Amino acid sequence: MEENINVLSDTFELYMKKGREAKEKGNIALAKRNFLLASETMMKIAKQSQGKLKEARMERARRLIELSDNINKRPQVSSVKKDNNSNTEEDEDLKKWESAKIPDIKFSDVAGLEDVKKAITIKMINPVKYPEKYKLYGKKTGGGVLLYGPPGTGKTMIAKAIANEVGAKFYAVKGSDIVSKWVGDSEKNINSLFQAANKQDRAIIFIDEMDSLIGRRGVDTHNDKRVNEFLQQIDGFAGKNPNLLLLGATNRPWDIDSAAMRSGRFSQKIYLPLPDADARRFMLEKNMKGVPVVKDFNIEKIVKQTEGYSGADIEELCDRAKDEPLLQSIATDKIVLVSNDDFDRVLKIFPPSVTQKEIQAFENYNAELGSMIKNKNKK
Ligand SMILES: Nc1ncnc2c1ncn2[C@@H]1O[C@H](COP(=O)(O)OP(=O)(O)OP(=O)(O)O)[C@@H](O)[C@H]1O
Ligand SMILES: [Mg+2]
């Protein structure tokens, strides 16, 4: 007979509590036993669940086994934590948010977008690097920055570069991941994400695909709960921890709940447009670096041909253009040079991924944003 899920949940909490207490007292054997019992109970709960929730619960049960296995391998609380918070299994749980390492992308890898880099330096990088200067000038810090623009324009890339420049722990989540993995449980996860980041000296929370996490309220109750939790979290840390930076990205800014955009939250919005000619040249050169090309290879011609193509498109174009010469080189065992013809052939069948209609949508949005800012200043 199946046990009642509420009873099981209570039992689970009890084992967890006992496990934690035992661990704090240094009774490793008892702690292990309780975490294993908690894991077993979670597995029973999982078996009575469906779909994504089932997967998430099974995963939780598995993590508890790992935790129990590793319990005596980890250092004691006092040697790793400088705050009083105990190093509980929840800390382990929080680690799931943390990116394994700081990304190795730098600002100098990002083509063009000079205004974007400057705005980000002022708003996100310098406050962390030169806090005393910001204090001296009474500059406001904190709040979030939202990067928006068509797909493939470098939003995710810039976010990684920021983490690298400030040497911060990088907590990267995708809106769609939080929503699908943790159906009905997303609020709790948003909360745990902010807690995890808040414990670090310097951290960036990067939320990709913001629109799927905090859509406009009033359509879907799950979404509304998420938005409320999210707003509470932002308000909770805004201005209190200048070393916790919040960065969002979206290619559908118009779908984000407008309350999230208010001042003190994602008040700064930065548009990442399609690359201009200089940025396209930089990307083409980077993608073709070291590749054997014909003597009269004309990169300027490709710069002109790729107007309207995104960064991601250019990367793919270069990759596809190399296919034919590479195949020939394999067949003949000779070096076959890449030429403009290889690019022309691909360009014929590979239009830009961002359509005119989409570009127009961004232009309309920017115009609306511009007039909103103007009206606000008039008041
Ligand atoms: N400004 C840029 N400089 C250099 N490379 C770029 C740039 N923009 C895009 N790219 C290339 O395109 C790829 C995709 O970019 P990225 O993932 O940052 O796009 P995105 O704006 O986050 O897109 P999406 O909205 O689909 O998430 C990158 O890995 C990079 O190779
Ligand atoms: Mg992206």
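This is a short guided tour of a predicted model, to be followed with the structure open in your viewer.

**Stop 1: the whole chain**

Start by selecting the protein chain and showing it as a cartoon. You will be looking at 18 helices and 5 strands. The chain has 379 residues, and 40% of them are buried. Now switch on the surface: its accessible area comes to about 21,100 Å², with 51% of that belonging to carbon and sulfur atoms. How much of the contact network links residues 24 or more positions apart? Among contacts with a separation of 6 or more, such pairs account for 76%.

**Stop 2: ligand 1 and its neighbours**

Next, select ligand 1 and show the residues around it. There are 16 of them, and the closest are Ala 111, Gly 152, Lys 155, Thr 156 and Glu 315. Try colouring this shell by class: you should find 7 nonpolar, 6 polar and 3 charged residues.

Now look for the oxygen atoms of ligand 1. One oxygen atom is 2.8 Å from an N or O atom in the side chain of Lys 155. For the side chain of Asn 251, the distance from a ligand oxygen to an N or O atom is 3.0 Å. At Thr 153, look at the backbone instead: a polar atom there is 3.1 Å from an oxygen of ligand 1. Taken alone, ligand 1 exposes 630 Å², and the protein buries 77% of that.

Which elements give two or more residues to this shell? They are α8 (155-166) and α15 (311-321).

Colour the domains next. Why does ligand 1 lie between domain 2 (107-273) and domain 3 (277-349)? Both domains give residues to its shell, so the ligand sits between them.

**Stop 3: Asp 278 and Gly 112**

Select Asp 278, which you will find in helix α13 (residues 277-288). Is this residue buried or exposed? Its relative accessibility is 51%, so Asp 278 counts as exposed, because the cut-off for exposed is over 50%. The side chain of Asp 278 makes a polar contact of 2.8 Å with the side chain of Arg 281. Then add Gly 112 to your selection: it is 166 residues away from Asp 278 along the chain, but their C-alpha atoms are separated by 6.8 Å.

**Stop 4: two positive phi angles**

Most residues other than glycine have a negative phi. Here are two residues with a positive value.

Select Leu 113, in the loop between α5 (89-95) and α6 (114-129). Phi of Leu 113 is near 55°. Leu 113 counts as buried because its relative accessibility is 18%.

Then go to Asp 333, in the loop between α16 and α17. Phi of Asp 333 is near 60°. With 71% relative accessibility, Asp 333 counts as exposed.

**Stop 5: Ser 339 and helix α17**

Stay in that loop, which runs between α16 (323-332) and α17 (340-349), and select Ser 339. At 16% relative accessibility, Ser 339 counts as buried. Leaving aside residues up to four places away in sequence, Ser 339 touches Val 294 and Phe 297.

Finish with helix α17 itself. Which of its residues are buried? Select Asn 340, Asp 342, Phe 343, Asp 344, Val 346 and Leu 347 to see them. Now show the helices around them: the cover over these buried residues includes α13, α14 (299-305), α15 and α16. You have already met α15, at the shell around ligand 1, and α13, the helix that holds Asp 278.

Note on methods
Residues are numbered from 1 along each chain as its sequence is written. Chains are lettered from A and ligands numbered from 1 in the order in which they are written. This is a predicted model: local features need pLDDT of at least 70, side-chain atom pairs count only at pLDDT 80 or more; totals for chains, interfaces and linings use all residues. Side-chain values use heavy atoms; hydrogens and water are left out. A residue is near a molecule or strand if one of its heavy atoms lies within 4 Å of it. A polar contact is a pair of N or O atoms within 3.5 Å; within protein, one must be able to donate a hydrogen and the other to accept it, and residues adjacent in sequence count only if both atoms are side-chain atoms. Accessible areas come from the Shrake-Rupley method with a 1.4 Å probe; for residues, only the protein chains shown count as cover. Helices (H or I, at least four residues) and strands (E, at least two) are DSSP runs, numbered from the N terminus. Ala, Val, Leu, Ile, Met, Phe, Trp, Tyr, Cys and Pro count as nonpolar, Asp, Glu, Lys and Arg as charged, and the others, Gly among them, as polar. Domain bounds come from an automatic or database domain assignment. Buried means under 20% relative accessible area, exposed over 50%, partly exposed in between (1.4 Å probe, protein chains only). Contact means heavy atoms within 4.5 Å.
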